[in-house]
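Welcome! Please take a look at the protein shown here, and then use the briefing below as a guide to it.

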Amino acid sequence: MSEERIAVVPGDGIGQEVVPVAVDVLDAVGDFEFVHADAGDAVKAETGEALPEETFETVANADATVFGAAGDTAADVVLPLREAVDSFANVRPARAHPGANALKPETDLVFVRENTEGVYSGIEDEITEGVSTLTRVVTDRASRDIAEFGFDYAAENGYDDVTVAHKANVMRETDGRFLENVRAVADARDAEFDEALMDALAMHLVQRPENYGVVICPNLAGDVLSDLAAGLVGGLGLLPSANVGHANGLFEPVHGSAPDIAGDGIANPSATVLSAAMLLEHLGYDREAASVRDAVEGVLADGPRTPDLGGGASTEAVATAILDEL
Ligand code: ATP
């Protein structure tokens, strides 16, 4: 294996506890150079800046990044970092694992979320006193990119069902454009897919998650629906995510800094270790990614388990078990 450079940004709260576990796991399966960098509330308190220029550069110049979480400064850290890796796709698998007490054990979903525009365009104004507006941006280019990525992902990962979430009956111009682009991409590659209104889809995902595979979403819908799916598979401690750029990527758990348990040594490291598995896959190490995933699944099935999964084990005990499995 050549020595790729991986930026490591633990951030705040339990990020400090779970990211080192992911680094140990990556170190166990590959020959990587790790570059550590700071971001978040703690560094802001010290320096006045939540995202130091040096951290931005480290992430932008790395082959991939493992990020933990940021507390109150999350928007100031995560959004620019996603830009640093030129991320157009946010991939959020929600898979039930044996032993993890999933509400719906048959769930195996992957949300492919447009990551740059929609209502998260950041264009908000107070146009007159008491009245604020938000501009929802949807472009052909971003819509096409996410559709291409979503269909590729489904084909490469063995998912037959592709669904596109939208609300084009109400947001005719913006979601209409999104949907038209998805249709054009599907047409060009002769791919089948279903179209679903995002509100009805929320209900159907809860009732029958087994009917769905890859779900291609506009930005906000992907954010909300993937958290809903987190509830189906046993909670936030298990959900990884990838912010994929054309040549770079930032890999982070879906959960935040969890201030309520930070410092207690009981955070579940699975979401971050599974994010590291996505990083390995992104760099082309599919075999290593599979073995990391198997190790996490083995520990979820047999224990030890952290309190969020009904166990009494520490982060360290789970980390040791995952490394032993590896
Ligand atoms: P932030 O403001 O940083 O998003 P938050 O507390 O609002 O923090 P999360 O950090 O996502 O949101 O946490 C939501 C809940 O899930 C908390 O009760 C937290 O303890 C729990 N939780 C999140 N991640 C984990 C984890 N890895 N292990 C155990 N519990 C977790």
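A residue counts as near a molecule or strand if one of its heavy atoms lies within 4 Å of it. With that cut-off, 14 residues surround the ligand, and the closest are Gly 256, Ser 257, Ala 258, Asp 260 and Asn 268.

Please keep in mind that this is a predicted model, where local features need pLDDT of at least 70 and side-chain atom pairs count only at pLDDT 80 or more, while totals for chains, interfaces and linings use all residues. Residues are numbered from 1 along each chain as its sequence is written, and side-chain values use heavy atoms, with hydrogens and water left out.

**Around the ligand**

- The shell around the ligand divides into 7 nonpolar, 5 polar and 2 charged residues. Here Ala, Val, Leu, Ile, Met, Phe, Trp, Tyr, Cys and Pro count as nonpolar, Asp, Glu, Lys and Arg as charged, and the others, Gly among them, as polar.
- Polar contacts are pairs of N or O atoms within 3.5 Å. One joins a backbone N or O atom of Ser 257 to an oxygen atom of the ligand at 2.7 Å.
- Two nitrogen contacts can be added: a backbone N or O atom of Asn 268 lies 2.9 Å from a nitrogen atom of the ligand, and a polar side-chain atom of His 255 lies 3.2 Å from a nitrogen atom of the ligand.
- On its own the ligand has 610 Å² of accessible area, and the protein covers 65% of this; such areas come from the Shrake-Rupley method with a 1.4 Å probe.

**The sheet and its helices**

- Helices (H or I, at least four residues) and strands (E, at least two) are DSSP runs numbered from the N terminus, and two strands pair if DSSP finds at least two bridges between them.
- An open sheet of 10 strands follows the order S2-S1-S3-S12-S11-S4-S5-S10-S8-S9, with mixed pairing.
- Strand S2 (33-36) and strand S9 (194-197) are at the edges with a single partner strand each, so one side of each has no neighbour in the sheet.
- From one strand to the next, the twist averages 25°. Angles run from 0 to 180 degrees between N-to-C directions, using axes fitted to C-alpha atoms, for helices over the stretch in contact.
- Strand S5 (residues 108-114) pairs with strand S10 (residues 214-217) in the parallel sense over 4 bridges, and Arg 113 has Cys 217 in S10 as its bridge partner.
- Helix H3 (residues 53-61) packs on the sheet, touching S1, S2, S3 and S12, and its direction makes about 140° with that of S1. Contact means heavy atoms within 4.5 Å.
- Helix H5 (residues 140-156) also packs on the sheet, touching S4, S5, S8, S10 and S11, at about 40° to the direction of S4.

**A hairpin**

- Strand S6 (residues 124-128) and strand S7 (residues 131-134) run antiparallel and are joined by 4 bridges; Glu 126 has Ser 132 in S7 as its bridge partner.
- These strands, S6 and S7, form a hairpin with 2 residues between them, and Gly 130 in the turn has a positive phi of about 85°.

**Backbone details in loops**

- A cis peptide bond, with omega about 0°, joins Gly 303 and Pro 304.
- Pro 304 sits in the loop between helix H10 (286-302) and helix H11 (315-325).
- Asp 86 is not a glycine, yet has a positive phi of about 55°.

Note on methods: A polar contact is a pair of N or O atoms within 3.5 Å; within protein, one must be able to donate a hydrogen and the other to accept it, and residues adjacent in sequence count only if both atoms are side-chain atoms.
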